[in-house]
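The exercises below ask the reader to work through selected parts of one structure. Each task is followed by a solution in steps.

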Amino acid sequence: MEISVVIPLLNEEESLQELHDWIATVMQSNRYLYEIIFIDDGSSDNSWQKIEELSSKNKSVKGIRFQKNYGKSQALDAGFELAQGNVVITMDADLQDNPEEIPELYNLIVNENFDLISGWKKKRYDNVVTKNIPSKLFNAAARKTSGLKLHDFNCGLKAYKNEVIKSIKVSGEMHRYIPVLAKNEGYNRIGEKVVQHQARKYGETKFGMDRFVNGFLDLITISFLSKFGKRPMHFFGLWGTFMFLFGTSAAFYIGAYKLYKVFNNIKTILVTDNPWFYIALTSMILGTLLFLAGFLGELIIKTKNTEKHYTIREKLNF
């Protein structure tokens, strides 16, 4: 199989027929062997019934139905696990991504040997205040932190080599940072392509302003994990050592200074009346706790839990 198109969705029943027809036309006109994997992330409308209807008419249409709404990252992860195409294309179901971009994305992966191509919606049709400006700020921070020179981390239209999506796990709300996750796994041929963005045709966006706050928190998390995710003791141990040595040195100095005054009959205060005693004690305790955190981190990595964070209710055409 040449192409898998992975489409997570939530309450998009109005868009699905048009999106399917558009993708199928592009695939058939280019003679691709393909599959379209719709992942219904707990829709409350008739999205799943629409996917059932589409899959009964076109065996290239496959469906995954979640037990409830788990989020876009979990939906992508489920689609990635079952995708069979040599090239995997992800896109949103709201008709804002243009399927006409698929052939060029496919060629960049196959002929130019890119590991990943990220779409860049250079000209957007979203609200300037609530989406465009926050998105630009978010992308600037993501570029600075990750070192990847991408303009649009949030773009849902991306293309991957199959081996890339099989080597990463997407959870939480990490779908924005799949290029960063891929880079952390050693896939460095990551490119960008300007893609056409279209105004939403049906319904309303499912994402609010909170996605930018969550996005920045995820960015901090992924930045930390990329540096210390596989060796937490290098972070916690370093700071634990620094704190413990500082506290021990301060305690030794306080004790030595106290003894010096006692033996030289100089008036002095009790050690417990010296505020530096408590600073030293706190520093030693924090150092010990940081060390323990490092050990626990190493222990968790050694017994890493690979349990899925979602439940699939049913599948179609797999």
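A residue counts as buried under 20% relative accessible area, as exposed over 50%, and as partly exposed in between. The model examined here is predicted.

**Exercise 1. Classify N317 as buried, partly exposed or exposed, and describe its backbone.**

Step 1. Locate the residue: N317 belongs to the segment that follows β8 (312-316).

Step 2. Apply the cut-offs. The relative accessibility of N317 is 32%, so this residue is partly exposed.

Step 3. Inspect the backbone. N317 is not a glycine, yet its phi is positive, near 65°.

**Exercise 2. Determine which class of accessibility applies to T241, and state how far T241 lies from K122.**

Step 1. T241 is a residue of helix α9, which covers residues 232-263.

Step 2. Because its relative accessibility is 33%, T241 is classed as partly exposed.

Step 3. Along the chain, T241 and K122 are 119 residues apart, and 47 Å separates their C-alpha atoms.

**Exercise 3. Describe how β4 is placed between its partner strands and which way its side chains point.**

Step 1. Begin with β1 (residues 3-9): this strand runs parallel to β4 and is joined to β4 by four bridges. Within β4, I89 stands opposite V5.

Step 2. Turn to β6 (residues 158-161), which is antiparallel to β4 and is likewise connected to β4 by four bridges. Here V87 has K161 of β6 as its bridge partner.

Step 3. Recall the general pattern: side chains in a regular strand alternate between the two faces of the sheet.

Step 4. Compare the residues of β4. V87 and I89 point one way, V88 and T90 point the other way, and all of them are buried.

**Exercise 4. Examine L95 and N98 in the loop that follows β4, and state whether each is buried or exposed.**

Step 1. The loop lies between β4 (87-90) and α4 (102-110), and N98 is found in it. L95 is placed in this loop as well.

Step 2. L95 has a relative accessible area of 4% and is therefore buried. Its phi is positive, about 70°, although L95 is not a glycine.

Step 3. N98 is also buried, because its relative accessibility is 4%.

Step 4. List the surroundings of N98. Its side chain reaches the backbone nitrogen of E100 at 2.8 Å. Apart from neighbours within four places in sequence, N98 is in contact with W22, L157, Q196 and Q198.

**Exercise 5. Identify the residues and elements that line the largest cavity, and relate them to the burial of α3.**

Step 1. Count the cavities: one has a volume of 30 Å³ or more. The volume of the largest cavity is about 100 Å³.

Step 2. Name the lining. There are 15 lining residues, and those nearest the centre of the cavity are K72, L76, C155, G156 and H175. Two or more residues of the lining come from each of α3 (72-82) and β6.

Step 3. Sort the lining by character: seven residues are nonpolar, four are polar and four are charged.

Step 4. Consider α3 as a whole. This helix is mostly covered, with nine of its 11 residues buried. Among the buried residues of α3 are K72 and L76, and both also appear among the residues nearest the cavity centre.

Terms used: Residues are numbered from 1 along each chain as its sequence is written. This is a predicted model: local features need pLDDT of at least 70, side-chain atom pairs count only at pLDDT 80 or more; totals for chains, interfaces and linings use all residues. Side-chain values use heavy atoms; hydrogens and water are left out. Buried means under 20% relative accessible area, exposed over 50%, partly exposed in between (1.4 Å probe, protein chains only). A polar contact is a pair of N or O atoms within 3.5 Å; within protein, one must be able to donate a hydrogen and the other to accept it, and residues adjacent in sequence count only if both atoms are side-chain atoms. Contact means heavy atoms within 4.5 Å. Two strands pair if DSSP finds at least two bridges between them. On a 1 Å grid over the protein atoms alone, a cavity is a set of points where a 1.4 Å probe fits but cannot get out, and a pocket is an open set with protein on both sides within 12 Å along at least five of seven lines; lining residues have an atom within 4 Å of a point. Grid points are joined across faces, edges and corners, and a volume is the space filled by probe spheres set on the points. Ala, Val, Leu, Ile, Met, Phe, Trp, Tyr, Cys and Pro count as nonpolar, Asp, Glu, Lys and Arg as charged, and the others, Gly among them, as polar.
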